[in-house]
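Me: I have a structure here and would like to talk through a helix and some charged side chains. Could you take my questions one at a time?

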Amino acid sequence: MDSLRHELTRFIQQPTAQQDPPALYRRLLAEAPVLDLGPLYVVSGHQEILTVLMNPGTTVDPTTVGLPRAGNTALLKVVNRMLPMRDGADHTRLKRLATAAFSHRRLEQMRERIETTAARLLAPLVAAGSFELVADLAVPLPVAVSCAVLDVPDAEHDRITGWASLVARSLLDPFGNGPEAAALDAEFAEFRRYVEELCAERTARPGDDLISRLTAARGEGRLDTEELLAFVVMLLANGLETLTSGLAVAAWELIRTPGLAARVRTEPALAAAVFDEAQRLGSPVRASARALTREVVLGDTAVPAGSVAMLLYAAANRDPRRFADPDRFDPDRPERQHLAFGHGPHHCLGAPLSLIAGAAVLRGLAEADAARHVSTTLTEATARHRDQFAFGGIRELPVDCPPRHTLVGAAA
């Protein structure tokens, strides 16, 4: 067991080791679905993680077990007021305010805008004959999705992309009290002013959008000004890490799986299943954590109160007790209850939007492959993965797409 602890600790701590290691996941699932690393318990089993996520004795707030929150910048103080960082009645209250914006009716209203935006972004990239999918498509599209939810004009996309990147940086690498913190706060101040102006404008001239609903809720006393700010910042930045990585892994699977693009062209509805299965196998959100305010029994292990449970979603999504042949990419598999979007009260609100955007990109790539040879030089050995732990995924995905008639002429 000590060798397993050493291997897992190395994977968590060393960026060079942070390509998803199926062999390590298999060992964890077979030998220790719950592994004691001192005050930290790493939970990798699918059912065990479900038990933690649904247990009322767990919380996202580390201060409940005496641990500090990371960082103390102005931005991180706002981040700590966001929906994913809240528990209990506060989380329920805030989530209820957003639920209407993600209803089936609203999703269908936004579908055309998201699909049109995906097609608009993809068309010139394909026409150019080559592009880098992450920077050229997978970064701008999540911002466009967020703007669609909030009815923000397309002209604001570039500014919001920069601010969303700022939020992502603060989450991945919290700063202390040094000059980095001052620079971060100065940059965030501009973002804050923009959000405050946006909320003031929707208060004065409300529309049928989520910001208008949230400003109305503030006026009715159902959330305060800082919660409103945190909500809008979260929604504008939402998806830049998760959907960006999710688009990259899904496109990679489509491109490198023989015959899959042709299948998606003839079965367009399959695109959503391809995207969903890629999220299971690629797990853009590799892990999260919960603090335990009471003892939680996971199989044969009693995890004591005061501990922190690291939930290793990337391993759970390959649990053979839940998924047959779990390391195989199979968009036809019947098992769909993976943990890429979380589970329970903190299940990702934006999951349906991610599926719409992801499926649109995959259909666009599949259609492009009919007239062009869509390929990548990327292999398992050459893929550059993210160099930090919580968010996995591919950092770069070069795509070549020359016209097929050019290839025929060259061969002749």
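What follows is a short set of questions and answers on this predicted model.

Me: Happy to start with α6. How far apart are the end C-alpha atoms of α6?
Reply: Helix α6 covers residues 104-128. At 1.5 Å a residue, its 25 residues should span 36 Å. The value from the model agrees with that expectation, as the end C-alpha atoms are apart by 36 Å.

Me: At which residue does α6 bend?
Reply: The bend in α6 is about 35 degrees. Several residues of this helix are buried, among them Arg 106, Leu 107 and Ile 114. The residue at the bend is on that buried list too, and its name is Met 110.

Me: Which residue follows α6, and what is its phi?
Reply: The helix runs over residues 104-128. Next comes Gly 129, with a positive phi, near 95 degrees.

Me: Is Arg 106 buried or exposed?
Reply: Arg 106 sits in helix α6. What covers the buried residues of this helix includes β4, α7, α8, α11 and α17. Buried means under 20% relative accessible area. Arg 106 comes to 8%, so this residue counts as buried.

Me: Which residue offers its backbone oxygen to the side chain of Arg 106?
Reply: Arg 106 is a buried residue, at 8% relative accessibility. Its side chain reaches a backbone oxygen at 3.3 Å, and that oxygen belongs to Asp 208.

Me: On to charged pairs. Arg 202 forms a salt bridge with Glu 201 and with Asp 209; which of these two partners is buried?
Reply: Arg 202 itself is buried, at 7% relative accessible area. Its bridge to Glu 201 has an N to O distance of 3.0 Å, and Glu 201 counts as partly exposed at 30%. In the other bridge the closest N and O atoms are 2.7 Å apart. With a relative accessible area of 2%, the buried partner is Asp 209.

Me: How far apart are the closest N and O atoms in the salt bridge of Glu 277 with Arg 280?
Reply: Residues three or four places apart in an α-helix point the same way, because there are 3.6 residues a turn. Glu 277 and Arg 280 both lie in helix α15, three residues apart. Glu 277 is buried at 1%, and Arg 280 is buried at 0%. The closest N and O atoms of their salt bridge are apart by 2.9 Å.

Me: And how many salt bridges does the count come to?
Reply: The pairs above are included, such as Asp 209 with Arg 202 and Glu 277 with Arg 280. The count for the model comes to 42.

Terms used:
Residues are numbered from 1 along each chain as its sequence is written. This is a predicted model: local features need pLDDT of at least 70, side-chain atom pairs count only at pLDDT 80 or more; totals for chains, interfaces and linings use all residues. Side-chain values use heavy atoms; hydrogens and water are left out. Helices (H or I, at least four residues) and strands (E, at least two) are DSSP runs, numbered from the N terminus. Buried means under 20% relative accessible area, exposed over 50%, partly exposed in between (1.4 Å probe, protein chains only). A polar contact is a pair of N or O atoms within 3.5 Å; within protein, one must be able to donate a hydrogen and the other to accept it, and residues adjacent in sequence count only if both atoms are side-chain atoms. A salt bridge is a side-chain nitrogen of Lys or Arg within 4 Å of a carboxyl oxygen of Asp or Glu. The expected span of a helix is 1.5 Å times one less than its number of residues. The bend at a residue is the angle between axes fitted to the seven residues ending there and the seven starting there. Contact means heavy atoms within 4.5 Å.
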